[in-house]
Amino acid sequence: MEKLRVGILGATGMVGQRFISLLENHPWFEVVTVAASPRSAGKTYEEAVGDRWKMTTPMPEAVKKLVVMNVNEVEKVASEVDFVFSAVDMTKDEIRTIEEAYAKTETPVVSNNSAHRWTKDVPMIIPEINPQHTDIIEAQKKRLGTTKGFIAVKPNCSIQSYAPVLYAWREFEPYEVIATTYQAISGAGKTFKDWPEMIENIIPYIGGEEEKSEQEPLKVYGKVEGDEIVKADLPKISSQCIRVPVLNGHTAAVFVKFKKQPTKEQLIEKLVSFKGLPQELELPSAPKQFIQYMEEDNRPQVQLDVDFEKGMGISIGRIREDSIYDYKFVGLSHNTVRGAAGGAVLCAELLKAKGFINKK
């Protein structure tokens, strides 16, 4: 099979780097173009990144000599690729504008950015939960005046450790949720070398994160109605988001009230048996086991469990009855794999499998 040609917008940043490492040897996609800010343009990728390579695996040989293009030269970048992943570091308005500009060149955009998450006709996809939201793409193409170009986004990294769980439990009708997330520093694009003040520290605030954690699951659980996605009413979610001294892995402590009372055994069974379209289609990046349940009292742990299913699976533990809510649990997900670049790669695989992304 001839691979699709991929461009990465914002290729020099941490998420851009994660895209590049995840796409090395991908069976369907090949990175042929890297684009970044004008100050990186014209250098080789290796020169542009310099000593800022943040992955634990070495930079793939195939990208080292690629010459970085100027992300603002939309037509030029778009002419070389079949679709792009977007991880640009700009203001929300600039991101909205540039992603639409790429879409209008008939280049599908799969974005890791938050700028278009609330655009009414842009699907925000966790592929196991709401693959049917791709139906809205036809309405979006009409608005943009395109035949092939569109934007799809993945949700915030912090919701991955509990939104799939609540969805797996939907028949018990969770209606009220408290979720506190303990978020890794790579979520801010940083390592301990860049952010020494995070060592042995906790910061009880991450800008904009609590609103995303409360609202984005409702769009994911929502329905396509006409030319928009209408968000779900329930569950009501209250959230606190805390930055903790961990490199990779967002942990969540979650409390849930249900309209229908499940047993603990039923809750666990729903998690471990949960499969979605990516598992049925055997997409290349899909975890075979999307959600694992761990019986030990001291799991999941970041150091032991963050790389479950190559970082694409979710680990849940400590489901137990609560004195105020019905049940509580702890979740863990890899914030830059499932939560960012890996989630976007899986989204692109889904879009290709459904016929939305093709050779130009």
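This passage looks at the two largest pockets of a predicted model. Residues are numbered from 1 along each chain as its sequence is written. Since the model is predicted, local features need pLDDT of at least 70 and side-chain atom pairs count only at pLDDT 80 or more, while totals for chains, interfaces and linings use all residues; side-chain values use heavy atoms, with hydrogens and water left out.

The largest pocket (an open set of points on a 1 Å grid over the protein atoms alone, where a 1.4 Å probe fits, with protein on both sides within 12 Å along at least five of seven lines) holds about 1,100 Å³ of space, a volume being the space filled by probe spheres set on points joined across faces, edges and corners. Its lining (residues with an atom within 4 Å of a point) runs to 44 residues, with Val-15, Ala-87, Val-88, Asp-89 and Asn-113 closest to the centre. Two or more lining residues come from each of helix 1 (14–23), helix 5 (92–103), helix 8 (209–220) and helix 12 (337–353), helices being DSSP runs of H or I, at least four residues, numbered from the N terminus. Helix 1 has the largest share, at three residues. Sorted by class, the lining has 14 nonpolar (Ala, Val, Leu, Ile, Met, Phe, Trp, Tyr, Cys, Pro), nine charged (Asp, Glu, Lys, Arg) and 21 polar residues (the others, Gly among them).

The second largest pocket comes in at about 810 Å³. Of its 31 lining residues, Arg-18, Ser-21, Leu-22, Lys-310 and Val-337 sit nearest the centre. Helix 1 and helix 12 each chip in at least two lining residues here, and helix 1 gives the most, with four. By class, this lining splits into 13 nonpolar, twelve polar and six charged residues.
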